[in-house]
Amino acid sequence: MFQGLMQHHPLMISSILEFAERWYPNVEVVSRTTEGPIHRYNYQQMGRRARCIADALAKLGIEPGDRVGTLAWNGYRHMELYFGVSGSGAVLHTVNPRLFAEQLIYVIDHAGDKVIFTDLTFVPLLEGLADQLPNIEHFVIMTDRENMPQTKLKNVLCYEELLEQGDENYQWPEFDETAASSICYTSGTTGNPKGVVYSHRSSLIHALGASVPNGLGLSGNDSILLVVPQFHVNSWGVTYAAPMNGCKLVLPGPAMDGASIHQLLDEEKCTLSLAVPTIWMMLTGFLRESGATLPHMKRVVIGGSAVPEAMIRSFEQDYDVSVIHAWGMTETSPLGTLNFLMPHLQDLDYEAQLPIKLKQGKSVFGIDIRIVDDENKVLPHDGVAFGKLQARGHWVTSGYFNDDSQDPVADDNWFDTGDVATIDHDGYMMITDRTKDVIKSGGEWISSIELENMAVGHSAIAEAAVIAIPHPKWDERPLVVAVKEKGATIEKQELLDHLATGLAKWQIPNDVVFVDELPHGATGKLNKLQLRLDFSDYQFPDA
Ligand code: AMP
């Protein structure tokens with residue numbers, strides 16, 4: 001091979017913060033703290049403190065490769081750990097505090113965490129679990145001496161006191177770019193959560209991929225409100241992409257209600273924000289009730305579950321904010337596809353654009369996707385054929401941490417996402433279901449998501465889930481489990497008649513059951529596994 005003569009530098013996460021510190025030193029990082037007040041500083045101060053915490057961790061005995069857990073909201077100290085822990089060669093394990101107690105114990109133990117950094121909010125939670133976490137050498141409470149709580153936890157340290165012991169002249173080490181940088185566990189609706197291990201290289205390239213105009217289109221003109229939690233796939237990679245682009249960063253801490261989110265969007269003149277649909281539901285509800293507007297916002301990124309049509313309309317038509325619909329998962333770092341309209345689609349009128357905006361979008365360079373049938377035969381991009389969605393690329397997992405039970409990339413590195421999708425001739429991918437949720441009726445597939453979307457399209461339905469119930473003749477048939485809107489009255493037949501208006505006869509569910517609430521998992525998604533268990537004895541009236 002005739003070699004190029006360019007320099008080779010390992011892609012280090014620390015280099016992102018070094019860059020921001022040097023070239024965007026005065027750009028602000030604003031945090032709503034768990035203690036209450038708003039905290040402000042800049043990338044220069046973040047850089048200095050991240051070096052101090054990296055040095056302090058080394059003095060505490062943390063070595064390269066050791067795992068350091070966090071139970072924390074989005075905030076400046078959590079950012080310092082993102083760079084301080086990974087930058088030193090240790091591995092940041094961002095624990096999702098919404099996991100059930102047994103899952104929390106499982107992931108902390110499975111990851112092999114030695115130290116846990118916790119926000120004040122989660123101290124009582126950890127007190128309840130500490131007896132079952134014998135390998136944790138230190139609990140570091142992320143506050144100052146003044147706000148340190150009384151606690152039953154043993155081996156407790158105060159973040160600010162620990163940080164003071166670190167040297168701000170600490171030098172970031174350079175090492176193999178494929179070394180692990182952070183671990184995030186999948187939300188685990190089936191079996192135990194599984195650990196996805198990101199590397200310095202994958203995180204840095206993902207942040208570059210996320211930044212491009214066909215991605216999130218980031219620039220130094222952006223002020224980003226980062227609502228998506230730092231314990232959920234590195235805040236969709238924006239913890240790295242924001243300093244990489246010199247963006248102002250606004251971190252909302254524990255306050256996720258509409259009024260608190262709006263206050264930050266308004267006062268910090270945010271141009272971009274990212275979150276799951278549930279959060280935006282709360283914000284648009286607040287805007288409607290209060291009459292408030294979004295004068296500074298230009299783009300809103302929505303992902304994690306499908307975006308309802310009414311939400312796209314509301315942001316774009318009522319508040320003049322463009323929606324970027326995105327799809328991804330823990331195993332894909334997470335960005336897989338993002339939706340922007342190609343030039344020939346921009347000429348269409350708004351109603352014709354909407355069905356395209358509802359799709360999950362197109363790949364960005366660095367990650368490739370395909371759809372295949374049950375025999376792994378690649379299906380065409382015709383917008384009709386649907387099959388198993390697979391992904392591969394620089395920031396797609398090659399396997400799970402300490403888990404040999406399966407090889408998720410058996411076929412030439414194509415990772416099976418567990419989603420079912422179509423891809424149209426312009427390359428727009430649309431999720432039609434999860435593989436395990438699709439209803440297989442007499443050889444045909446019925447999309448549970450399509451039925452759910454139609455059910456919630458009825459004004460009396462607040463939330464709906466559709467699950468497969470075994471059927472003697474058709475193998476499986478759909479059952480709708482629905483929650484009524486507060487104060488609304490609706491009978492089964494009325495909902496079935498409503499569904500019949502948009503479906504072929506064989507797609508119409510066999511029955512409807514109304515419930516007071518539906519089960520949700522740790523990331524707010526419907527827990528269909530639980531629902532299937534709840535309905536394991538259910539039989540159709542006609543079966
Ligand atoms: P997680 O690993 O917890 O982020 O979950 C990833 C899963 O969430 C994906 O495999 C999809 O099933 C679902 N998901 C993510 N984004 C979207 C979206 N925009 N539309 C529909 N489902 C989505």
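Colleague: Let's start in the sheet. How many bridges join strand β10 (residues 223-226) to β12?

Modeller: Three bridges join β10 to β12, and the two strands run parallel. Before we go on, this is a predicted model: local features need pLDDT of at least 70, side-chain atom pairs count only at pLDDT 80 or more, and totals for chains, interfaces and linings use all residues. Residues are numbered from 1 along each chain as its sequence is written, and side-chain values use heavy atoms, leaving out hydrogens and water.

Colleague: Thanks. What makes a strand, and what makes a pair?

Modeller: Helices (H or I, at least four residues) and strands (E, at least two) are DSSP runs, numbered from the N terminus. Two strands pair if DSSP finds at least two bridges between them.

Colleague: Which residue stands opposite I224?

Modeller: That is L272 in β12. On the β13 (residues 299-302) side, β12 pairs in the parallel sense over four bridges, and A275 stands opposite I302 there.

Colleague: How does the chain get from β12 to β13?

Modeller: It crosses through helix α11 (residues 277-290), and this β-α-β crossover is right-handed. Right-handed here means that, with the strands pointing away from the viewer, the path from the first strand over the helix to the second runs clockwise.

Colleague: Are the residues of β12 (residues 272-275) buried or exposed, and which way do they point?

Modeller: L272 and L274 point one way, S273 and A275 point the other way, and all are buried. The cut-offs are under 20% relative accessible area for buried, over 50% for exposed, and partly exposed in between, using a 1.4 Å probe and protein chains only.

Colleague: Zooming out, what is the strand order in the open sheet?

Modeller: The order of its nine strands is β2-β1-β11-β10-β12-β13-β14-β15-β16, with mixed pairing. β2 (38-42) and β16 (362-363) stand at the edges with a single partner strand each, so one side of each has no neighbour in the sheet.

Colleague: Do β15 and β16 run parallel or antiparallel?

Modeller: Antiparallel: two bridges join β15 (residues 335-338) to β16. In that pair, L338 has K362 as its bridge partner.

Colleague: Any odd backbone spots to check? Where is the cis peptide bond?

Modeller: Between S333 and P334, with omega at about 5°. P334 sits in the loop between β14 and β15. As background, most residues other than glycine have a negative phi, and most peptide bonds are trans.

Colleague: And what about phi at S235 and N402?

Modeller: S235 has a positive phi near 50° and is not a glycine. S235 lies in helix α8 (residues 233-236) and counts as buried at 0% relative accessibility. N402, also not a glycine, has a positive phi of about 50°. N402 is in the loop between β18 (387-393) and β19 (415-423), and is exposed with a relative accessible area of 60%.

Colleague: Switching to the ligand: how many residues surround it, and which are the closest?

Modeller: There are 15, and the closest are A326, T330, D419, R434 and K525. To count, a residue needs a heavy atom within 4 Å of the ligand.

Colleague: What are the classes in that shell?

Modeller: Four nonpolar, eight polar and three charged residues. Ala, Val, Leu, Ile, Met, Phe, Trp, Tyr, Cys and Pro count as nonpolar, Asp, Glu, Lys and Arg as charged, and the others, Gly among them, as polar. Strand β14 (residues 322-328) gives the most to the shell, with four residues.

Colleague: How far are polar side-chain atoms of D419 and R434 from oxygen atoms of the ligand?

Modeller: For D419 the distance is 2.6 Å, and for R434 it is 2.8 Å. The protein covers 90% of the 500 Å² of accessible area that the ligand has on its own, by the Shrake-Rupley method with a 1.4 Å probe.

Colleague: One last region: which strands pair with β3 (residues 67-71)?

Modeller: β3 pairs in the parallel sense with β4 (residues 91-94) over four bridges, and five bridges join β3 to β5 (residues 113-118), also parallel. R67 stands opposite V91 in β4, while G69 has I116 in β5 as its bridge partner. Four of the five residues of β3 are buried, and I116 counts as buried too, at 0% relative accessibility.

Methods. Polar contact = N/O pair within 3.5 Å; in protein donor to acceptor, adjacent residues only side chain to side chain.
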